[in-house]
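Trainee: Could you walk me through how to read the packing in a fold like this one? I'd like to begin with a single pair of residues and work outwards.

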Amino acid sequence: SFTATLAENAAVDALVDWMEEGPITLELSDYAGFEKVGALGTSLPTSNSQTTTQAGDIVLYQGNQIVLFYGSNAWSYTPLGQVTDLTGWQEALGHGDVTVTLSLTAPH
């Protein structure tokens, strides 16, 4: 399990509303050796800006795909959050396709 600090924007608000209904499980595929990407099955509001990502960044791509970074890329994304402790992050994402579950926890 990993914890992320969420960004403040309309996409995160919509994602949180969705997660309040229960955990969201997604299938993500490896792309280019620096990210895992997968379809959300729905569209969220975008507020894209050109950014250079780093390991642990969680972003929205094209309004309907979530991307988890274990490397870096420069592109136009809507930020969703940042994993707070990357210990074991790249190992957990592994090689090839992964299944991830997004869920809410109460702040400590």
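Mentor: Sure. Keep in mind that this is a predicted model. Start with two phenylalanines: F34 is buried, and F69 is buried as well.

Trainee: How many aromatic pairs are there here?

Mentor: For a pair, you ask whether two ring centres lie within 6.5 Å. That gives five aromatic pairs in this model. One of them joins F34 and F69, with 6.3 Å from centre to centre and 0° between the planes, so the pair counts as stacked, the cut-off being under 30 degrees. The two partners come from distant parts of the chain, 35 residues apart. F34 sits in the loop between β2 (24-31) and β3 (35-39), while F69 belongs to strand β6 (residues 65-69).

Trainee: Which residues do the ring pairs link into a cluster?

Mentor: Follow the pairs from ring to ring and you get Y31, F34, Y61, F69 and Y77.

Trainee: Now the nonpolar core. What's the general idea, and which residues have the most contacts inside the largest one?

Mentor: In soluble globular proteins, nonpolar side chains tend to be buried together. Here the largest nonpolar core holds 22 residues, and L26, L28, I66, L68 and L80 have the most contacts within it. At least two core residues come from each of α1 (10-19), β2, β5 (57-61), β6, β7 (74-83), α2 (89-93) and β8 (98-102). The top contributor is α1, with five residues.

Trainee: And what does L80 touch?

Mentor: Leave out residues up to four places away in sequence, and L80 touches T5, L6, A7, A11, V12, L15, I58, V59, L60 and I66. There's also a second, separate core of six residues, F34, V37, V59 and Y77 among them. So F34 and Y77 turn up both in the ring cluster and in this second core.

Trainee: How do I zoom out to the whole chain?

Mentor: Lay out the elements from the N terminus: β-α-β-β-β-β-β-β-α-β, which is two helices and eight strands. The radius of gyration is 13 Å, close to the 13 Å that the globule rule gives for 108 residues, so the protein is as compact as a globular protein of that length. Its C-alpha atoms fill a box of roughly 30 × 30 × 25 Å along the principal axes.

Trainee: What share of the residues is buried, and what share of the contacts is long-range in sequence?

Mentor: Buried residues make up 38% of the 108. Of the contacts with a separation of 6 or more, 64% are between residues 24 or more positions apart. As for the outside, the accessible surface is about 6200 Å², with 49% belonging to carbon and sulfur atoms.

Definitions and conventions: Residues are numbered from 1 along each chain as its sequence is written. This is a predicted model: local features need pLDDT of at least 70, side-chain atom pairs count only at pLDDT 80 or more; totals for chains, interfaces and linings use all residues. Side-chain values use heavy atoms; hydrogens and water are left out. Rings of Phe, Tyr and Trp (its six-membered ring) pair if their centres lie within 6.5 Å; planes under 30 degrees apart count as stacked, over 60 as edge-to-face and the rest as tilted. Helices (H or I, at least four residues) and strands (E, at least two) are DSSP runs, numbered from the N terminus. Buried means under 20% relative accessible area, exposed over 50%, partly exposed in between (1.4 Å probe, protein chains only). A nonpolar core is a set of buried Ala, Val, Leu, Ile, Met, Phe, Trp, Tyr and Cys residues joined through side-chain atoms within 4.5 Å. Contact means heavy atoms within 4.5 Å. The radius of gyration is taken over C-alpha atoms; the globule rule is 2.2 Å times the number of residues to the power 0.38. Accessible areas come from the Shrake-Rupley method with a 1.4 Å probe; for residues, only the protein chains shown count as cover.
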